[in-house]
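Colleague: Pick one loop residue with an odd backbone and give me a close look at that spot. After that, carry on into how the helices pack, in one go.

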Amino acid sequence: MTQLTGARAEAPAPGEPAEPAAAPRRLVVRPAAVGLPALGLVIAVAAWWLVTSGLHLVHPAALPPPQAVFRSLTGTTEVLLPALGITTWMTLLGFLLSTLAGVLIGMALAASSRVERMFAPLLVAVNAVPKIAFGPLLVVAVGWGQKPILTMVFLLCFFPIVLSTATGLTTTPADLAELGRSLNASWWQAFRKVRFPAALPQIFVGLKVAMPLAAIGAVIGEFYSDRPGLGYQILQYNGVGDTATAWAAIVLVAVMSILLYSALSLVERLALPWVRATTSAR
């Protein structure tokens, strides 16, 4: 049998058959992965039409029918598409900043029980305050522009990332921890080779919780900013009574959130291939 030393395999002994090379992993897209979400979308739009146009249960001023929203969406693309780009950039930038800070804070909490006891109640208190209450204060505290948007995204995102990171790093499987100790691994070696890789599935759970919250934070932050993103457009069109275009902007926020969440799930699947192999087949 061949043995691996570092990243290079030894040559097989004379007469010994070479081991077959591992087949490259391919990302397979199943028809159900596309068909079922499309079917759910059709059902949701049909229910929307039935409530608004079919049975007239909701006044169009409160919830316009889907055809009116679609007409507004196609008629205001020169305004809503640039706004979509601004909101997407603010969402991604705020999410990345929250990820960096959240992972570092979670590592600090996991490294020291004293640090956790000192700061965990403060983190819970900040997370418990309704973030909309900070909105009017952000303009005074940080000014106009991108700062209130990024601050709102950070306030909404960082806690689930901190919690998932700290939980993942403090719940290392006992057999992996014992393996590190048996090999006399240093603290940094155990962290880099055992604890952090074992915590990655839990960290991605927090990231996937935080991604939709980042979109919510970006929209709320734009309510109190001069950046003409989708949140800004929602306020403007709703203020002049054009609820159909306001709802078109809301639909774009929903589409953006779905695409960003799906991209993050794809990154998780590619970065952690062993998770699906060692857990349930679902």
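Modeller: His-56 sits in the loop that links helix H1 (31-54) to helix H2 (66-75). Bear in mind that this is a predicted model. The odd thing about His-56 is its backbone: phi is positive, about 55°, although the residue is not a glycine. Most residues other than glycine have a negative phi. As for the surroundings, His-56 has a relative accessible area of 60%, so it counts as exposed.

To place that loop in the whole chain, the protein has 11 helices and two strands. Reading from the N terminus, the order is β-β-α-α-α-α-α-α-α-α-α-α-α, so to speak, two strands and then the helices. Of the 282 residues in the protein, buried ones make up 32%. Take the contacts between residues at least 6 apart in sequence: 72% of them join residues at least 24 apart.

Moving along the chain, you get to helix H3 (residues 77-111) and helix H4 (residues 113-128), whose axes come within 6 Å and cross at roughly 130°. That angle makes H3 oblique to H4. On the H3 side, the contact is made by Ile-105, Ala-108, Leu-109 and Ala-111, while H4 brings Ser-113, Val-115, Glu-116, Phe-119 and Leu-123. Sorted by class, the contact of H3 with H4 has seven nonpolar residues, one polar and one charged. H3 also holds Pro-82, which is partly exposed at 45% relative accessibility. The C-alpha of Pro-82 is 7.6 Å from that of Gly-229, with the two positions 147 residues apart in sequence terms.

Now for H8 and H10. Their axes are 10 Å apart and the packing angle is about 160°, so the two helices are roughly antiparallel to each other. In handedness, H8 passes H10 in a right-handed crossing. H8 contributes Pro-201, Phe-204, Leu-207, Lys-208, Met-211, Pro-212, Ala-215 and Val-219 to the contact, and H10 contributes Val-253, Met-256, Ser-257, Leu-260, Tyr-261, Leu-264, Ser-265, Val-267 and Glu-268. By class, the contact of H8 with H10 divides into 13 nonpolar residues, two polar and two charged.

Two spots in that contact deserve a zoom. Start with Ser-257, which lies in helix H10 and counts as buried at 17% relative accessibility. Its C-alpha is separated by 5.8 Å from that of Pro-212, and the two residues are 45 apart along the chain.

The other spot is Glu-268, which forms a salt bridge with Lys-208, the closest N and O atoms being 2.9 Å apart. Glu-268 lies in helix H10 (residues 243-271) and Lys-208 in helix H8 (residues 187-223), so this pair ties together parts that are 60 residues apart in sequence. Glu-268 has a relative accessibility of 16%, so it counts as buried. If you search the whole structure for salt bridges, you find one.

Terms used:
Residues are numbered from 1 along each chain as its sequence is written. This is a predicted model: local features need pLDDT of at least 70, side-chain atom pairs count only at pLDDT 80 or more; totals for chains, interfaces and linings use all residues. Side-chain values use heavy atoms; hydrogens and water are left out. A salt bridge is a side-chain nitrogen of Lys or Arg within 4 Å of a carboxyl oxygen of Asp or Glu. Helices (H or I, at least four residues) and strands (E, at least two) are DSSP runs, numbered from the N terminus. Buried means under 20% relative accessible area, exposed over 50%, partly exposed in between (1.4 Å probe, protein chains only). Axes are lines fitted to C-alpha atoms, for helices over the stretch in contact, and angles run from 0 to 180 degrees between N-to-C directions. Angles under 35 degrees count as roughly parallel, over 145 as roughly antiparallel, 65 to 115 as roughly perpendicular and the rest as oblique. A crossing is left-handed if the near helix is turned anticlockwise from the far one by less than a right angle, and right-handed if clockwise. Contact means heavy atoms within 4.5 Å. Ala, Val, Leu, Ile, Met, Phe, Trp, Tyr, Cys and Pro count as nonpolar, Asp, Glu, Lys and Arg as charged, and the others, Gly among them, as polar.
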